[in-house]
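This report looks at a predicted model. It begins with one polar contact and then turns to the sheet, the salt bridges and a single arginine.

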Amino acid sequence: MTPKHLHELPEDDRLRNVAIQDIDVRIRCRHTKTTRDPRTWKIKGDTYNRLGDNWKTNFDFILQPAP
């Protein structure tokens, strides 16, 4: 199964408009390819749609499949 990225969802999708800390998501740096859990970062209270362009340009926000 191909991972789903937040940027692939419609602008008004619920997952793009809920706090990052409330969804199971990982971010992958487009430059180094390292993957991290953004729910522990200062952006955790923001939604994907509220993040600045720098976040959207440099990182892929990957939704984790349900177990």
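## A polar contact in a loop

In this predicted model, the side chain of T32 makes a polar contact with the side chain of T34, at a distance of 3.0 Å. T32 is placed in the loop between strand 2, residues 25-29, and strand 3, residues 35-36. With a relative accessible area of 52%, T32 counts as exposed, because the cut-off for that class is over 50%.

The hairpin formed by strand 2 and strand 3 has five residues between the strands, and within this hairpin K33 adopts a positive phi near 70°. T32 can also be placed relative to F59, which lies 27 residues away along the chain, with 9.9 Å between the C-alpha atoms of the two residues.

## The sheet and its pairings

The sheet is open and consists of four strands in the order 1-4-2-3, with antiparallel pairing. Strand 1 and strand 3 stand at the edges, and because each has a single partner strand, one side of each is left without a neighbour in the sheet.

Strand 2 and strand 3 run antiparallel and are joined by two bridges, with R28 standing opposite T35 of strand 3. Strand 2 also runs antiparallel to strand 4, residues 59-63, to which five bridges join it; in this pairing, F59 of strand 4 is the bridge partner of C29.

In a regular strand, side chains alternate between the two faces of the sheet. For strand 2, the covered face carries V25, I27 and C29, whereas R26 and R28 belong to the uncovered face.

## Salt bridges on and around the sheet

The count of salt bridges in the model comes to eight. One of them joins the side chains of D60 and R28, with an N to O distance of 3.6 Å. This pair links distant parts of the chain, since D60 lies in strand 4 and R28 in strand 2, 32 residues apart. The two partners fall into separate accessibility classes: D60 counts as buried at 12% relative accessibility, while R28, with a relative accessible area of 27%, is partly exposed.

A further salt bridge is formed by R39 and D37, whose closest N and O atoms are 3.0 Å apart. Here R39 is partly exposed, with a relative accessible area of 26%, and D37 is likewise counted as partly exposed, at 23% relative accessibility. Both residues belong to a network of salt bridges in which D24, R26, D37 and R39 are linked, and R26 is also one of the residues on the uncovered face of strand 2.

## A buried arginine

Where does R16 lie, and is it buried or exposed? R16 is placed in the loop between strand 1, residues 4-5, and strand 2. At 7% relative accessibility R16 counts as buried, because that class is set at under 20%.

Leaving aside residues up to four places away in sequence, R16 touches L6, H7, L9, P10, E11, T47, Y48 and N49. With E11 the contact includes a salt bridge between the side chains, in which the N to O distance is 3.3 Å. The partners of this salt bridge lie in opposite accessibility classes, since R16 is buried at 7% relative accessibility, whereas E11 is exposed, with a relative accessible area of 54%.

Technical notes
Residues numbered from 1 in each chain as written. Predicted model: local features only at pLDDT ≥ 70, side-chain atom pairs only at ≥ 80, totals over all residues. Heavy atoms only, no water. Buried < 20%, exposed > 50% of the residue type's maximum accessible area, 1.4 Å probe, protein only. Polar contact = N/O pair within 3.5 Å; in protein donor to acceptor, adjacent residues only side chain to side chain. Contact = heavy atoms within 4.5 Å. Pairing = 2+ DSSP bridges. Salt bridge = Lys/Arg side-chain N within 4 Å of Asp/Glu carboxyl O.
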